[in-house]
Amino acid sequence: MYNSSILKIKIFTLLRICAVFLTLATFSIPAFSQEKHEESAEKPFEPSEVILEHIADSHSLHVWNTTAIPLPVILYTDKGLEVFSSSHFEHGHADYTGKYYTYRLVEDKVKIVGANNILADSATVWKWNSSLIDFSITRNVASMWMGMIVLLVIFFSVSSAYKKRSGKAPKGLQSFMEPLILFVRDDIARPNIGYKYQRFMPLLLTVFFFIWVNNLIGLVPFFPGGANLTGNIAVTLVLSVITLIVVNLNGNKHYWAHIFIPADVPVWIWPLWWVIELVGIISKPFALMIRLFANITAGHIIVLSLISLIFVFKSMGIAPVSVAFVIFMDVLELLVAALQAFIFTLLTALFIGGAIEEHHH
Amino acid sequence: MIGSIAALGAGLSVIGAGIGIGQIGGKAVEGIARQPEAASKIQTAMIIAAALVEGAALFGVVVSFLGLR
Amino acid sequence: MNPLVTPEIGLVVWTTVSFLVLFFLLAKFAWKPIMGAIDERERFIEDSLSKAEAAKDEMARLTNENDALLKQARIERDAILSEAKKVKDSIISEAKEAAHKEGARQIELARIEINNQKAIAMADVKNQVATLSLEIAEKVLRKQFEDSSKQDALVAELLKEVKL
């Protein structure tokens, strides 16, 4: 009974948010189409390019049409730190010569222009040996900070409400957030972790609301939102590595015994067992990383593809169909936004629960 | 060319996931119909299982992403 | 490698820093007070509920006790009433018997008295009759013996009868 009432509140909440977003989505689509029209006037419309540009990170915050807010570029080169505004790149049309190197923006990635116009990439996790590491405040970082501010404002005010109205029934924003907090506690933490759940509540709550709020901000199709933050593999990598670390730091002796000295397994298989278990340890958070990344990115790609249909067919006739589908997808993505936050948190709780479980062999 | 092969790969992985999640959803609904009082537990188990299946499919999708470009 | 699946170092670092900052800020200033308040309120509600439950139990116990007392009292009352009824019945029957006996005795006494009175009256009547008869006999004798011849005749006759 308790569960179903929580679910009802959740669905109600979701519907309210959906309604808000529906209105917003209908407003935002003309803006988007205007922007695309101007681009398509110049060169043949290439949907995959536009889509990838939208879901990738960027060095400027696109506001409206050609208006964009430049973001600081912070480069850590082998010679020292360089900080300048991304407006110097003029959207990739100009090079910028800093203290140490000349830089160029290619597909929104900063590269060093060397002698004979040879470009040197910045370092990636795959290729570290570069003289340039890009620590810029990109669109995703800005979006993440916005999400952080939203979270801090919401939960500080909720927290002060709890202090002010201690022992009383929740009210306003507090009553909006409390079912969610209780949902994380009663439906995610408690059943999967067990009686030691309280230690992990801060992490689970932070992960849940961080992912959810950033998913939602990513769904806002106009200025402050729209960054593909939780659909960026770097972000999901960090979140899943945090899960990995927390799970393994909290693993008890049963957890490690199961991995290193498994009972009922012949000793000569142990090396193979260790490899399998190691793969298991890594692959669980890896799946978390891929799941969140792929789900959110896929959602963005689908919405953008549907919008792109208008420009592919170069007709306004397709627009109503396209817009209808986009609205449908947006609503579905609202569900996915909550669901992915839920699943990420649930699986994290499940892994923690598995690591701290008291076995009774 | 590589892009279309990647798309094929993505499509194939989606078929697998579709069958898997369909099975999970169907069985979960059966289970809930048989024991409505266990609905919340079945839902949680269903979501976890669906997430795992979906994870496998997403691996396929991501691998086909790797093939792009 | 596709840029989509290439984690950028800068974003990794910023995400790590931001997430940890967010985590510590929220954990210290939001989750701790919120969870504390929720737990406290839940404990309070649980306490209140258990108190209410206890009060209800107490109430039920008292009601039961009252019921038992009432039942007891009712039984006692019934017992007393039936006792009283019995006593009343016995008193009435005793009184009836006594009255009956008394009546019988009175009647007996009255009959004896009546008999006595009758006997007295009878004796009286006999006396009077005797007196009257004597008077009558005297008067008759006087009348008969008004002349002396007759007296002589009688004496003579009587003398005749006397056998010496």
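## Salt bridges and the contact between chains C and A

Let me begin with one residue, A:Glu358, which at 36% relative accessibility counts as partly exposed. Please keep in mind throughout that what we are looking at is a predicted model.

What does A:Glu358 form a salt bridge with? The partner is A:Lys196, and the closest N and O atoms of the two are 3.3 Å apart. A:Glu358 sits in the segment after α9 (319-356) of chain A, while A:Lys196 sits in the loop between α4 and α5 (201-219) of that chain, so the pair ties together parts that are 162 residues apart in sequence. A:Lys196 is also partly exposed, because its relative accessibility is 31%, and the range for that class runs from 20% to 50%.

Over all chains, the structure holds 15 salt bridges, and between chain C and chain A the count is four. As a general reminder, side chains of opposite charge can pair when their charged atoms come close.

Let me take two of the pairs that involve both chains, starting with A:Lys109 and C:Glu8, whose closest N and O atoms are 3.5 Å apart in a salt bridge. Here A:Lys109 belongs to strand β7 (residues 109-113) of chain A, and C:Glu8 belongs to the segment before α1 (9-144) of chain C, so this pair joins two chains. A:Lys109 counts as partly exposed at 24% relative accessibility, and C:Glu8 is partly exposed as well, with a relative accessible area of 22%.

The other pair is C:Asp39 with A:Arg185, a salt bridge in which the closest N and O atoms are 3.2 Å apart. Since C:Asp39 lies in helix α1 of chain C and A:Arg185 in helix α4 (residues 173-193) of chain A, this pair, too, joins two chains. Are these two residues buried or exposed? Both C:Asp39 and A:Arg185 are buried. They also belong to a network of salt bridges that links A:Arg185, A:Asp186, A:Arg190, C:Asp39 and C:Glu42.

Now let us step back to the whole contact between the two chains, in which 34 residues of chain C are in contact with 56 residues of chain A. The area buried between them is about 4000 Å², and carbon and sulfur atoms give 80% of that area. Which three residues supply more than any other three of the area that chain C buries against chain A? They are C:Ile9, C:Phe19 and C:Trp31, which together supply 18%. Turning to polar contact, we count eleven residue pairs between chain C and chain A, with both residues at pLDDT 80 or more. Sorted by class, the side of chain C that touches chain A has 25 nonpolar, five polar and four charged residues.

Chain C also carries an annotation, for an unreviewed UniProt entry places the feature "transmembrane region" at residues 12-31 of chain C. In the model, the chain over residues 12-31 is 100% helix and 0% strand, and the end C-alpha atoms are 25 Å apart.

I will finish with a residue inside chain A, namely A:Asn248, which has its place in helix α6 (residues 233-249). A:Asn248 is buried, because its relative accessible area of 15% is under 20%. If we leave out residues up to four places away in sequence, A:Asn248 touches A:Tyr255, A:Trp256 and A:Ile281, and a polar contact of 2.7 Å joins its side chain to that of A:Tyr255.

Technical notes
Residues are numbered from 1 along each chain as its sequence is written. Chains are lettered from A and ligands numbered from 1 in the order in which they are written. This is a predicted model: local features need pLDDT of at least 70, side-chain atom pairs count only at pLDDT 80 or more; totals for chains, interfaces and linings use all residues. Side-chain values use heavy atoms; hydrogens and water are left out. Contact means heavy atoms within 4.5 Å. Buried area is the accessible area (1.4 Å probe) that two parts lose on being put together, summed over both. A salt bridge is a side-chain nitrogen of Lys or Arg within 4 Å of a carboxyl oxygen of Asp or Glu. A polar contact is a pair of N or O atoms within 3.5 Å; within protein, one must be able to donate a hydrogen and the other to accept it, and residues adjacent in sequence count only if both atoms are side-chain atoms. Ala, Val, Leu, Ile, Met, Phe, Trp, Tyr, Cys and Pro count as nonpolar, Asp, Glu, Lys and Arg as charged, and the others, Gly among them, as polar. Helices (H or I, at least four residues) and strands (E, at least two) are DSSP runs, numbered from the N terminus. Buried means under 20% relative accessible area, exposed over 50%, partly exposed in between (1.4 Å probe, protein chains only). UniProt positions are given in the numbering used here, feature names are shortened, and annotations may be inferred rather than shown by experiment.
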